Amino acid sequence: MVVKEIPYFDLSEICDSGQCFRMERITENEFQIRAEDKYLRATQEGETVRFDCSEEEFETFWKHYFDLERDYGIYIEAIDPEDTYLKTAAELGSGIRILNQDLWEMIVSFLISQQNNIFRIRKCIDRISRRYGEEKRAADGTVYHAFPTAEALSQATEEELRDCNLGYRAKYVRDTALRVASGEVDLAVIRKMTYPEAREELLKLYGVGVKVADCICLMALHELSAFPVDTHIRQALEKHYPGGFPAKRYGGMEGVLQQYIFYYELIHKE
DNA sequence: ATCCAGGAGTGAC
DNA sequence: GTCACTCCTGGA
């Protein structure tokens, strides 16, 4: 059990920000997170966060996963005080972190995300994890499944992936899994690339376009310059920044702001 | 019913 | 380079 006081950190906001499809709310302030082959329960009361894991696992994995060594106050303070829209959005989502998620997991997750909604993306990922991911047992006895490896997914047929409700995205996942499993695409190499290089390389994958590539760069490679533009972001930008988003002013932190905007729009559309 | 949800591939111009 | 069209699926 690890207990920390963490400013600018809110599990609920992170869960709802839509960057992790394997994080779920159990009760009002208790959450479960599955990442790679790991499982965690965490609870939040004010700024106090309780991580249900050993000190070692926290230090070696979750601390980095939740990006706890970064001060997000800097980003919020950097926002133009006259930009009331962005200020309001950042205030609403001030507990959001850009998680450090696994590259392979993000590639598959965002391939599935296209023309899809969060609820169904979660279901798709849950299904492929159950079918192709290794069964694991957490310290508290909870049975869960690791995210399936490229090798495991490459064994699946397109039809089997369609049975997991991937629809036409099944061929994208299968093709990418085959190319990664065969070594034709080397994720270790992509991890070391600069943002423009990695983006270009990801765009070569079947089913990866500009938006998905930027999501992967932001969520897995932690390229905070990446600014994924989906339909919701595009609509928000058209409405609030008719002259264009001041990306120049916010160079290097566009991705963080994208999350604040996305979260704000998500909350306000209901 | 038609449209669209956190898009991308394809072919036509 | 920019359209228009298509691709699963299901909820409004």
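This note goes through the largest pocket, the surface near DNA strand B and the largest cavity.

1. The model is predicted: local features need pLDDT of at least 70, side-chain atom pairs count only at pLDDT 80 or more, and totals for chains, interfaces and linings use all residues. Residues are numbered from 1 along each chain as its sequence is written, chains are lettered from A and ligands numbered from 1 in the order in which they are written, and side-chain values use heavy atoms, with hydrogens and water left out.

2. The largest pocket has a volume of about 760 Å³. A pocket here is an open set of points on a 1 Å grid over the protein atoms alone, with protein on both sides within 12 Å along at least five of seven lines, and lining residues have an atom within 4 Å of a point. A volume is the space filled by probe spheres set on the points, which are joined across faces, edges and corners. There are 31 lining residues, and the closest to the pocket centre are Asn116, Ile118, Asp230, His232 and Phe262.

3. Which helix gives the most to the lining of the largest pocket? It is α14, with five residues. Helices are DSSP runs (H or I, at least four residues), numbered from the N terminus. Domain 1 (2-92) and domain 2 (103-219) both give residues to this lining, so the largest pocket lies between them. The domain bounds come from an automatic or database domain assignment.

4. DNA strand B is surrounded by 24 residues, and the closest are Gly18, Gln115, Tyr168, Val212 and His232. A residue is near the strand if one of its heavy atoms lies within 4 Å of it. Of the strand atoms within 4 Å of the protein, 55% belong to sugar or phosphate and the rest to bases. α12 gives the most to this surface, with four residues.

5. Three polar contacts (pairs of N or O atoms within 3.5 Å) can be named. A polar backbone atom of Gly18 is 2.5 Å from a base oxygen of DNA strand B. Gln115 places a polar side-chain atom 2.6 Å from a base nitrogen of the strand. At Gly207, a backbone N or O atom lies 3.0 Å from a phosphate oxygen of DNA strand B.

6. The structure holds one cavity of 30 Å³ or more. A cavity is a set of grid points where a 1.4 Å probe fits but cannot get out. Phe21, Arg22, Glu24, Arg34, Arg122, Ile125 and Asp126 line the largest cavity. Domain 1 and domain 2 both contribute to this lining, so the largest cavity lies between them.

Key. Helix = DSSP H or I, 4+ residues; strand = E, 2+ residues; numbered from the N terminus. Polar contact = N/O pair within 3.5 Å; in protein donor to acceptor, adjacent residues only side chain to side chain.
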